[in-house]
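Take a look at the structure below before reading on. Turn it slowly and pick out the helices and strands.

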Amino acid sequence: MDTIRLAIVGYGKIARDQHHPAIDANPAYRLSAVASRNAAVPGVAHFETLEALLKEGPTVDAVALCTPAGVRTAQARLAMSHGKHVMLEKPPGATLAEIETLREDAARSGVTLFASWHSRHAHCVAPARRWLSTRKIQRVDIVWKEDVREWHPGQAWIWQPGGMGVFDPGINALSIATAILPRPFHLIDAQLQVPGNCQTPIAASLDFVDGLKVPIHAEFDFRQVGTPPIWEIHVETDDGRLTLEAGGSRMRVDGELREEGPDAEYAGLYERFAGLIGRGQSDVDVSPFRHVADALMLGYRHPVDDFTE
Ligand code: NAP
């Protein structure tokens with residue numbers, strides 16, 4: 001396949017920290033342009049908007065949309081209408097229904113749409129799925145806690161409708177859970193802590209159950225201040241306790257280290273995107289996003305102290 005000429009749209013934290021290095025490291029791609037209002041990359045064609053890039057820029061084959069979800073769907077539709085393949089950062093949109101329109105647009109335009117879930121490419125996600133597939137699961141506990149000021153500095157959009165608050169990282173845990181657990185599960189209770197000056201939760205406590213009544217509990221918290229983040233999933237089975245640590249990059253069974261790997265999530269995403277483009281396929285799985293929508297629909301809201309940056 002020819003080199004994929006790629007544009008990054010929205011050159012913020014994740015574009016800078018992960019997308020750009022992963023693109024540079026993969027010979028299947030060339031970073032041909034960046035569309036971002038306030039950021040540019042030396043030596044790469046720069047435009048303030050995607051519209052300007054499509055009108056005046058060098059030809060690109062694909063775009064990686066690294067903007068907040070609230071603006072991404074319009075950008076995805078525009079790019080696909082110009083015949084560009086699209087990678088969406090997570091979450092795939094601000095509403096569930098808009099993703100269906102994107103799916104249709106991709107099919108109509110004959111391009112690849114990839115709704116990416118970077119955490120699913122963590123080193124131990126596939127081994128965990130394999131290990132669990134032959135065991136009887138009894139209980140699942142998810143703990144996803146980080147300091148919002150460290151991991152989302154200045155991101156005012158996260159507190160606005162569509163920004164999802166603590167579900168912005170929490171959805172990563174749900175993307176892993178939906179990938180490693182053998183059966184679908186659904187929400188039965190959600191307790192949401194919402195700062196008085198925000199539209200989205202700063203913490204959430206969730207209870208799910210699967211078709212065999214296995215309980216799945218999740219604790220998400222943005223107030224993990226002064227201590228390292230906790231990104232862990234614990235699964236009790238009839239044959240031991242599996243633990244995924246460090247966002248899925250480390251796996252233990254009954255406390256004993258079984259697998260550990262480097263952070264190569266975005267390398268995995270770009271490999272998958274190139275594969276999808278090569279095969280003329282799309283990959284749009286909304287299951288993690290559906291759980292968040294359910295939590296926002298079913299959750300009790302508890303007011304807590306205002307959030308200040
Ligand atoms: P960010 O630092 O705020 O970057 C997003 C960029 O998009 C901004 O720098 C901005 O660039 C552009 N943008 C913001 N609002 C816009 C608007 N209304 N219209 C057009 N462009 C706009 O956010 P981020 O952390 O990179 O997150 C972006 C997405 O990646 C989110 O969906 C997030 O869930 C996901 N993600 C983030 C992380 C993380 O650790 N931060 C990890 C994985 C995935 P300009 O001002 O230059 O246009």
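This report covers helix packing, two strand residues and some backbone details in a predicted model.

## Helix H3 on its own

Start with helix H3, residues 69–81. How far apart are its end C-alpha atoms? They are 19 Å apart. At 1.5 Å a residue, the 13 residues of H3 should span 18 Å, so the two values agree.

Several H3 residues are buried: Ala69, Arg72, Thr73, Gln75, Ala76, Ala79 and Met80. What do these buried residues pack against? Their partners include three strands from different parts of the chain: S1 (4–9), S4 (62–65) and S5 (85–88). Strand S6 (113–115) is a further partner, and so are helix H2 (50–56) and helix H4. After H3 comes Gly83, which has a positive phi near 80°.

## H3 beside H4

Helix H4 covers residues 96–109. The axes of H3 and H4 lie 9 Å apart, and the angle between them is about 15°. Angles under 35 degrees count as roughly parallel, so H3 is roughly parallel to H4. The crossing of H3 past H4 is left-handed.

Which residues meet here? H3 supplies Ala69, Thr73, Ala76, Arg77, Met80 and Ser81. H4 supplies Glu98, Thr101, Leu102, Asp105, Ala106 and Ser109. Sorted by class, this contact has five nonpolar, four polar and three charged residues. Look back at the buried residues of H3: Ala69, Thr73, Ala76 and Met80 are among them, and these four also take part in the contact with H4.

## H1 across H8

Now turn to another helix pair. Helix H1 holds residues 13–25, and helix H8 holds residues 265–279. Their axes come within 9 Å and cross at roughly 55°. H1 and H8 are therefore oblique to each other. H1 passes H8 in a right-handed crossing.

On the H1 side, the contact uses Ile14, Gln18, His19, Ala22 and Ile23. On the H8 side, it uses Tyr266, Ala267 and Tyr270. By class, six of the residues in this contact are nonpolar, two are polar and none is charged.

## Helix H7, an enclosed helix

Helix H7 runs over residues 167–180. Its 14 residues should span 20 Å at 1.5 Å a residue. The end C-alpha atoms are 19 Å apart, which agrees.

How many residues of H7 are buried? The count is 13 of the 14, so H7 is largely enclosed by the rest of the structure.

## Two residues of strand S12

Strand S12 spans residues 240–245. Arg241 lies in this strand, and Glu245 is found there too. Is each one buried or exposed? Arg241 has 31% relative accessibility, so it counts as partly exposed. Glu245 has a relative accessible area of 12% and is buried. The cut-off for buried is under 20%.

Their contacts can be listed without close sequence neighbours. Leaving aside residues within four places in sequence, Arg241 is in contact with His234, Val235, Glu236, Arg252, Val253 and Asp254. With residues up to four places away not counted, Glu245 touches Trp231, Glu232, Arg250 and Arg252. Arg252 thus appears among the contacts of Arg241 and among those of Glu245.

Two distances help place the strand. Arg241 is 136 residues from Asp105 in sequence, and their C-alpha atoms are 43 Å apart. Glu245 and His85 are 160 residues apart along the chain, with their C-alpha atoms separated by 33 Å.

## Backbone exceptions

Most residues other than glycine have a negative phi, and most peptide bonds are trans. Some places in this model depart from that pattern.

Where is Pro91? It is found in the loop between S5 and H4. The peptide bond from Lys90 to Pro91 is cis, with omega near -10°.

Met164 is not a glycine, but its phi is positive, about 75°. Met164 sits in the loop between helix H6 (148–151) and H7. With 6% relative accessibility, Met164 counts as buried. Lys213 also has a positive phi, near 65°. Its place is in the loop between strand S9 (203–210) and strand S10 (215–221). Lys213 is exposed, with a relative accessible area of 69%, whereas Met164 is buried.

Methods: Residues numbered from 1 in each chain as written. Predicted model: local features only at pLDDT ≥ 70, side-chain atom pairs only at ≥ 80, totals over all residues. Heavy atoms only, no water. Axes fitted to C-alpha atoms, helices over the stretch in contact; angles between N-to-C directions. Helix = DSSP H or I, 4+ residues; strand = E, 2+ residues; numbered from the N terminus. Parallel < 35°, antiparallel > 145°, perpendicular 65-115°, else oblique. Left-handed = near helix turned anticlockwise from the far one by under 90°. Contact = heavy atoms within 4.5 Å. Nonpolar A, V, L, I, M, F, W, Y, C, P; charged D, E, K, R; others polar. Expected span 1.5 Å × (residues − 1). Buried < 20%, exposed > 50% of the residue type's maximum accessible area, 1.4 Å probe, protein only.
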